[in-house]
Structure formats: C-alpha cells, structure tokens
Amino acid sequence: AFGKFFAALPLAFLLGPNRAKILVVHGGLPRVPSQFISALKHMAPRGPTVAMRTSSLAEVVVKDCLWSDPQESNGQGVSTRGPSLMAFGPDVTLNFCQQERVGFIVRSHEVPPSGEGFAFMHQNRLCTVFSASNYNGTEHNSGAVLLITSADLAMGNLAKSVRPEAYYAPALWQICQMDFEPPKECLESELEPQFLPQTPSARKLREETRRISAAKVEAVTKCSIKSDDPNGELIQDEVVQIVGELVVAHKEELWHGFWERDLGLRHVPPSRCGFVSFEVWKDICHTELGPKVCWDSVGMVLSIAEKLPPHMGGVDYNRFLHRFHVNLREEGCVRATWMEAILALLVDKMLKMPVQEMLDFFDQDKNGRLSIAELAEAFRRLDAGLSSAQVRALFLTFATHCDGCSEDDIEVECFISALVVAAREQSEQHQSKHARARSAWPRWASRY
C-alpha cells in the first residue's frame, strides 16, 4: 500500500502564474534540465521503486529530481552522496529558470549548512527548505517552512510572496504530554473545534494562540538541550566523528593535496615545512571531502590553526591527518569502524607468529621497507576483503607515525611498531576474543 501511495505522489509541481512560477521538487534539477518539464508531463505511470541504474530518460529524471543537490561551482558535478548521483551549479539553475520561465525553485533533501532550516542559493533563485528540526535527533538544526502569499504571487511579485519561517519543534513524546487549551471563544461558546467561528478575527485569535503555545514549547526545548549540553560538546563530538570518517576514507588524496601546496615551497630554495595556510586547508578539504561541510567551523572546532610563530595561522597537515588514525583513543579523535575490524584481525594473527615470520609476512621482497603493494598482498593473504582505497588509507594512517617514510614505502619495523602500539590500546580498552591482557603479549613485542 505504501509503495502504491509513493508512486502516486507528484515528483514536482509548478505553482503560480507564468511570470512568477515556483517549481517545487524534493532533490533538484536533473542532468538534462532542458527536458525536465517535458519528461514529467509525458511520463508513464511509474512503479514504487526508483531505478538507481537508469536505462531511459524517464528513469534519469526520476532519480535526479529525487537525489540531486545544488553546488556552489558552475556546471554539473559528481554528488558527495555517490558517483552515480549529480550536483548542479548556479548557471544550471539560472539557465533552467530562463528557458522554462520559472521564477523560483524550492527543494529540500538536506539540512542546510547554516542549520537554520532554510538556505537561499544560486542568486536567490533556489531555496532549500528542511522542515524537520533536530533531524535524526542529532543535528540540532531548526526546521522551516515557506509562507507564500497568494495575492503577491498572483501579481508576479516573488520577492514579497515568499517568506521563510523557522522553528524548533518539540519531540513527539513532548507533544504527547502537552495539554492544549482551546481558545477562549471556544470555551465560551462550548462549540466543538470543527464548528469554531470562521470570521477573520476568530481565525487570527486561534492562530495567535497556537503561536504562543508553540513559542513556549520551543523555548523550553532549547533550554533543556542547552542544560544537557551547555558547552556544545556533544555537537562538537558529532562534528569530529563525521569529519574523521571522511578524512580516513580520503587520507591519501588529502596528503597529496597538502604536499603539493606546502608553504615551504614558496621559500628560496624551496623546502617543505609540513604546513599549509588555513585557506589552502579549507580549499583542499572542500575539494576532496565535499562542499557540504562548513570547513571554517570545523577548523574552529578542531583548533587546527597555529597560534604562535613561526607558523601562526598555518595548519600542520601531518598532525591534522594523524588525528584520524587506527588507534584513535585520545580525546577529540575518532576511529573508522572498518579499521577496528582489520586491527582486530591483525592482532589475532600477530599473536601466533614469531617475529621473523611477521617481518617476512609484510616485507615480501625483504628489503626492510613496506610498500602499498606489499601491504595489499598481506591483507589478501589474511582474506581481509579491503578495497585498494582502504589499503592506501591504512598505509598512510601508519605512515604518519613513522620516521623516514616516503610517498611509496615505510620501514617495515616502524610499521610493526605503530601496529603494536595500536594493538596494545585495543587490548587494554576492549576485552574481546581479539584482545588479551598486556602481560600475555609475546616477548618480542616489548622491543617496539
């Protein structure tokens, strides 16, 4: 029944006269914007599912109008949600509005970065409206709706007809516990709510009563959140967790980006110093990790900018990457779930190996150094099921611990040393079938 209901819902609709049409859609514009309206008008009845592997124009339009997102840069790009999804820039929006005589686009699909519940983009021709406040119980964002004045819209005055209204709704369990009192006029007339007077003054009074009640609940809700987390530490931890997962998955790309724009390359003679400017750090994070994160705010939360000379205002990119690694147990750090599983697997295997066998297991060509190819082969023997990107991420994670490392290899003993340190922390803090007391470690481990 739900699938049939979903299939019957409109994918988009146009509101208002020709000179001030408003397009409302969930995600955004498709990769073929010139055929969007035409495809919707001539589309055959659709099923309850959305095809992610498309084979027709109609399937492309359906997928894109549900999944696409706006971006700041012009043109079309790959969405941060996945390689088969797309993002569209301001030029795409403006061209579409001009060709289709659309004045304004309203869409949802994501919490605005500002957390205000709404965000105007693309020269104010597009607005993201997100109605769910405190999304998923963790975002602490406001919700919003757009109030559209029919009289102004009919006259073609978009600027006056559209007004966002933000709010912070209470949780469902709080609503269930509330006692709503009917307006005074209802009590006096002893009428059922559906038979309340429908005069303009009566409707205005009821609306004002609802606004006052909602404002009281909103104030109480915000105060309770502030009292539970007065310093915003829970929100900061969530931000660090999200950023950490992104960094671990793209550590190689980040490191190469920082390496190529090292501040030391400006000196004569050029010599890398391990620092980049804060603006360069934001630019590389924006490029490699996506534009959906406010990197200015992340930089403040992580306190990554140096506060003292000689690199005041710069970012130590090795230290930044080092924060997000396999044995992240210190305060303010996070860990990737797949890395935990691999570490547990390595620990289990290590405890059964003599030291020389372990060295040979990783250093297959016996040159004393470990390459990404050798690490990938070791994981293949372990049947770890890691992708090549995950192998590179894990290699660079340990490379941040090791002296004398290059872009291609690290000393194998240094790698094992870092691995043992990580494994010890796993052993001390997680008692599981892969962890045991520190005293039970083999004798050779004490050398590292």
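User: Which residues form one aromatic cluster in this predicted model?

Analyst: In this predicted model, one aromatic cluster is formed by Phe258, Phe278, Trp281, Trp295, Tyr317 and Phe320. By the ring-pair rule, the count in the structure comes to 11 aromatic pairs.

User: Why is the pair of Phe278 and Trp281 called stacked?

Analyst: The ring centres of Phe278 and Trp281 are 5.6 Å apart and the planes make an angle of 20°. Pairing requires centres within 6.5 Å, and stacked requires planes under 30 degrees apart, so both conditions are met.

User: Where do Phe278 and Trp281 lie in the secondary structure?

Analyst: Both belong to helix H12, residues 278-289. Their spacing is 3 residues, about one turn of the helix.

User: What makes the pair of Trp281 and Trp295 edge-to-face?

Analyst: For Trp281 and Trp295, the centre-to-centre distance is 6.0 Å and the planes are at 90°. The distance lies within 6.5 Å and the angle is over 60 degrees, so the pair counts as edge-to-face.

User: Which parts does the pair of Trp281 and Trp295 tie together?

Analyst: Trp281 is in helix H12, whereas Trp295 is in helix H13 (residues 295-302); the pair therefore ties together parts that are 14 residues apart in sequence.

User: Is Trp281 buried or exposed, and why?

Analyst: Trp281 has 0% relative accessibility. The cut-off for buried is under 20%, so Trp281 is classed as buried. Trp295 is buried as well.

User: Why do Cys285 and Cys294 fall into separate accessibility classes?

Analyst: Cys285 has 0% relative accessibility, which is under 20%, so Cys285 counts as buried. Cys294 has 36%, which lies between 20% and 50%, so Cys294 counts as partly exposed.

User: How many disulfides does the rule give?

Analyst: The count comes to 0 disulfides. The rule asks for a pair of cysteine sulfur atoms within 2.5 Å, so no pair meets that cut-off.

User: Which residues make the nonpolar surface patch of about 360 Å², and how accessible is Leu9?

Analyst: The patch is made by Phe2, Phe5 and Leu9. Leu9 has 35% relative accessibility; this value is over the 30% needed for a patch residue, and because it lies between 20% and 50%, Leu9 counts as partly exposed. Leu9 sits in the loop between helix H1 (2-8) and strand S1 (12-15).

User: What describes the protein as a whole?

Analyst: The protein has 19 helices and 14 strands. Of its 448 residues, 40% are buried. About 25,000 Å² is exposed, with carbon and sulfur atoms supplying 55% of that area.

Notes. Residues are numbered from 1 along each chain as its sequence is written. This is a predicted model: local features need pLDDT of at least 70, side-chain atom pairs count only at pLDDT 80 or more; totals for chains, interfaces and linings use all residues. Side-chain values use heavy atoms; hydrogens and water are left out. Buried means under 20% relative accessible area, exposed over 50%, partly exposed in between (1.4 Å probe, protein chains only). Patches are made of residues with over 30% relative accessible area and no salt bridge: like charges are joined within 9 Å, nonpolar side chains (Val, Leu, Ile, Met, Phe, Trp, Tyr) within 5 Å. Accessible areas come from the Shrake-Rupley method with a 1.4 Å probe; for residues, only the protein chains shown count as cover. A salt bridge is a side-chain nitrogen of Lys or Arg within 4 Å of a carboxyl oxygen of Asp or Glu. Helices (H or I, at least four residues) and strands (E, at least two) are DSSP runs, numbered from the N terminus.
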